[in-house]
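Work through the exercises below with the sequence and the coordinates at hand. Each task is followed by a solution in steps.

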Amino acid sequence: MSPLPARAAFAALALGLALPGVGHAQDTVGSGVVPREHGNSAQRPVTFAVRAPEAAALVILTGSAALPDGVPLSAAERRAVEAAIAADGFAGKANAKLKLRGIGSRPVVLLVGTGSEAEGLMEAAGTAAQDLKGEKAPVALVGLASAQAAADAALGYELGQYRFDRYRTGATEAPPAQPVTVVTASATAAQAAFAARHAGLAEGVRFARDLVTEPANVVYPESFVERTRAAFRGIPNVEIEVLDEAAMRALNMGSIVGVGQGSRRGSRLLLVTYKGADGPPLALAGKGITFDSGGISLKPGAGMWEMKADMAGAAAVVGTALSLARTRAPVHVVAVAALAENLPGGNAQRPGDVVRTYGGKTIEVINTDAEGRLVLADALGYVADKRKPFAIVDIATLTGAAVSALGPEYAALFARDDAVAARLAAAGEASGEEVWRLPLHPTYRKAVESPIADVKNSDASPAPGASAGAHFIEAFVAEDMPWAHVDMAPTMWADSAEPLTPKGASGYGVRLLDALAREWKP
Ligand code: BES
Ligand code: MN
Ligand code: ZN
C-alpha cells in the first residue's frame with residue numbers, strides 16, 4: 001500500500017470519520033497464500049448400510065474381548081481374529097486398539113474398544129477415524145446394535161476424521177476420501193437419526209475448527225463475516241446483521257472500536273439469528289479476536305501464534321447457530337460475534353485510555369491485552385438492548401488464568417445463579433464438553449473498580465484472573481438477566497489428539513451450546 005492512502009486513513013481515523021475500505025488492506029491474495037483445492041478438510045462421506053462393502057477396511061467396535069454378532073468374517077477369518085485378540089489381551093477397554101492385516105481379503109481389521117460407558121461408542125469411532133486417516137480403502141464400522149448407536153458412531157467418526165491441510169503444497173495426492181459405511185440392521189432409521197441432528201452438529205463443529213485453524217491473515221473480522229454468510233446461504237429462518245466500524249462508532253461502541261483501532265482490519269459485530277420458535281431468543285455471545293498480539297501491552301513472542309485462535313468463542317456461537325439452523329431445531333437463538341484484531345500501531349489504544357461503551361458505561365483500559373472483555377462489553381450491551389433475550393451466555397478465550405486453573409479438560413464456568421450454572425453443567429455432561437464452575441464474589445468485584453471510570457479492565461488483586469474477567473463482563477449484564485460466562489481458554493486447542501478431537505482446534509463450545517440451546521426455553 002502506498003503511504004498516501006495510509007496517511008489519509010490515519011487522518012480520517014484521528015478525526016473520527018467513518019472510512020469505508022480502510023480495513024480491507026492486505027487481502028489474502030496479497031499475502032501469497034493460495035489454499036489447495038483438494039486438501040482442505042477432505043473427509044470420507046458417511047453412509048449407512050445393512051452390509052459392509054467387500055473391500056472395506058473393517059472397524060469392529062466392541063466393549064469386550066468377544067466379537068459382536070454379525071461381523072462379516074468367514075469362519076477361518078473369525079478364528080484368526082479371535083487368536084489375535086487372545087494373544088494381544090485386547091479386552092474392549094475404552095479406546096484400546098488392535099490393528100490386524102492379512103485377515104482374508106480385508107485390507108485392515110481394526111478392533112476398537114468402546115468400554116462400558118455410553119459415550120465410549122462415539123469415542124471409539126473417533127479413534128478409528130484418526131487411525132485410518134491415511135487408509136486408502138473405504139471403511140466399514142460394525143458392532144452397532146441399534147439405529148441410535150449407529151448414528152452416534154457416525155458422529156464420532158465425523159468428529160474424529162477432521163483434517164486441515166489447505167496450505168501444504170508438498171503432497172500431490174488428495175487424502176483418502178473413500179466413504180465410511182456404518183453397518184446396522186436399521187440403516188434407514190440410523191441415516192434419519194444422523195441427518196436429523198448429528199450431521200448439522202458435525203458441520204457446526206467443522207465450521208468452528210476451520211475458522212480457528214485458519215491463520216489470521218486469512219480469517220479477520222471481514223472474512224469471518226464472509227465465511228459465515230457462505231455457511232448459512234440458503235438455510236431458512238436465518239437472518240444476518242453486520243455492523244461495520246463506522247456503524248459501531250455511530251452507536252458509541254467505543255470499547256470494541258478501541259480494541260480494533262490498532263489494526264488495518266476493520267472490526268465487525270456480527271449477529272446471526274436463527275428463529276425456529278417464537279418468543280425471545282437465547283443470546284450466545286462469542287469473543288472474536290482474530291489475532292491477539294496483546295496490543296501496546298504486547299505479549300511475548302513464544303507461543304503468540306496461538307492467538308490466531310482467540311476468536312474461538314465467536315466461532316463456537318456461530319457454529320452452534322449453524323447446527324441449530326441446519327437441523328431446524330425448534331429454538332430461537334441469536335449468535336453474536338464480537339470481531340476485532342488486537343494489534344499495536346500508531347493508532348492503537350494505550351494503557352490508561354478511557355473508552356465509552358454502547359450502554360454508556362466507561363472503561364479504563366489498564367491493559368490492552370485484556371481485550372476480550374472489552375469487545376464483549378459492547379456486544380452484550382447491544383444484543384440485550386436490541387434483541388431482548390431471555391438469557392445470555394458468553395463464551396471467550398478470556399484468560400491464561402483459566403488455563404492454569406483447569407488444564408485442558410474443562411472450560412471455566414461463571415454464573416450468578418445456581419439454576420443457570422446447573423443448566424450449563426448438564427449441557428456439558430450431555431455433550432461431553434464439560435465445564436467447571438469457578439467463583440464470583442463481591443470481594444473479587446473490587447478487581448475491576450477504577451478510580452477514574454466506571455470499571456477498569458485488568459486483573460489487579462484481590463481476584464483470581466479468571467474471576468476478575470468474569471466480574472468485568474458481569475458489569476455489562478443487567479442484574480436480572482440470567483447469564484453465564486464460559487472461559488474456554490483451556491479448551492480452545494488440543495495439544496494432543498483426543499478421540500473426538502485431532503490435535504489442533506477443538507471446536508469446543510458448539511456441542512455444549514447446541515445441547516444447552518435445545519433445552520433452555522423462555
Ligand atoms: N486471549 C488471551 C487469553 C488466553 C491466553 C487465551 C492463553 C488462550 C490461551 C487474553 O486476551 C489475554 O491476553 N488475557 C490476559 C488478561 C490479563 C492481561 C488481564 C491474560 O490471561 O494474561
Ligand atoms: Mn489478550
Ligand atoms: Zn485475547
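How many nonpolar, polar and charged residues are in the lining of the second largest pocket? The model is a predicted one.

**Exercise 1. Describe the second largest pocket by its volume, lining and domains.**

Step 1. The volume of the second largest pocket is about 330 Å³.

Step 2. Its lining consists of 15 residues, and R163, F164, D165, T213 and K503 are the ones nearest the centre.

Step 3. Sorted by class, the lining of this pocket holds seven nonpolar, two polar and six charged residues, which answers the opening question.

Step 4. Domain 1 (46–191) and domain 2 (215–519) each supply at least three residues to the lining of the second largest pocket.

**Exercise 2. Determine which residues coordinate the zinc ion (ligand 3) and assign the geometry of the site.**

Step 1. List the donors: K287 through NZ, D292 and D310 through OD, and E371 through OE, at 2.0 to 2.4 Å from the zinc ion (ligand 3).

Step 2. Consider the angles. The six donor atoms around the zinc ion (ligand 3) subtend 79 to 172 degrees, and the arrangement is therefore octahedral. For reference, ideal angles for six octahedral donors are 90 or 180 degrees.

Step 3. Write the spacing of the donor residues in sequence: K-x4-D-x17-D-x60-E.

Step 4. Place two of the donors. K287 belongs to strand 9 (residues 282–292) and E371 to the loop between strand 12 (362–365) and helix 10 (372–387), so this pair ties together parts 84 residues apart in sequence. Both K287 and E371 are buried.

**Exercise 3. Repeat the analysis for the manganese ion (ligand 2), and state which residue bridges it to the zinc ion (ligand 3).**

Step 1. The manganese ion (ligand 2) is coordinated at 2.0 to 2.2 Å by OD of D292, by both O and OD of D369, and by OE of E371.

Step 2. The six donor atoms of the manganese ion (ligand 2) give angles of 71 to 167 degrees, and the site is classed as irregular.

Step 3. The donor residues of the manganese ion (ligand 2) follow the spacing D-x76-D-x1-E.

Step 4. D292, in strand 9, and E371, in the loop between strand 12 and helix 10, link distant parts of the chain, 79 residues apart.

Step 5. D292 is the bridge between the manganese ion (ligand 2) and the zinc ion (ligand 3), and the two ions are 3.2 Å apart.

Step 6. Check the accessibility. The limit for buried is under 20% relative accessible area. D292, at 3%, is buried, and E371, at 0%, is buried as well.

**Exercise 4. State how many cavities of 30 Å³ or more there are, and describe the largest cavity.**

Step 1. The count is three cavities of 30 Å³ or more.

Step 2. The largest cavity has a volume of about 60 Å³.

Step 3. Residues lining the largest cavity include A42, Q43, R44, Y157 and R163. R163 is also among the residues nearest the centre of the second largest pocket.

Step 4. The classes in the lining of the largest cavity are five nonpolar, two polar and three charged residues.

**Exercise 5. Locate K386 and decide whether it is buried, partly exposed or exposed.**

Step 1. K386 is part of helix 10.

Step 2. The relative accessibility of K386 is 44%, so K386 counts as partly exposed.

Step 3. K386 and L141 are 245 residues apart along the chain, and their C-alpha atoms are separated by 48 Å.

Notes
Residues numbered from 1 in each chain as written. Chains lettered and ligands numbered in written order. Predicted model: local features only at pLDDT ≥ 70, side-chain atom pairs only at ≥ 80, totals over all residues. Heavy atoms only, no water. Donors = N, O, S within 2.8 Å, 3.2 Å for Na, K, Ca; no water. Tetrahedral: all angles 85-135°; square planar, octahedral: opposite > 155°, others 65-115°. Helix = DSSP H or I, 4+ residues; strand = E, 2+ residues; numbered from the N terminus. Buried < 20%, exposed > 50% of the residue type's maximum accessible area, 1.4 Å probe, protein only. 1 Å grid on protein atoms, 1.4 Å probe; cavity = no way out; pocket = protein on both sides within 12 Å on 5 of 7 lines; lining within 4 Å. Points joined across faces, edges and corners; volume = space filled by probe spheres on them. Nonpolar A, V, L, I, M, F, W, Y, C, P; charged D, E, K, R; others polar. Domains from an automatic or database assignment.
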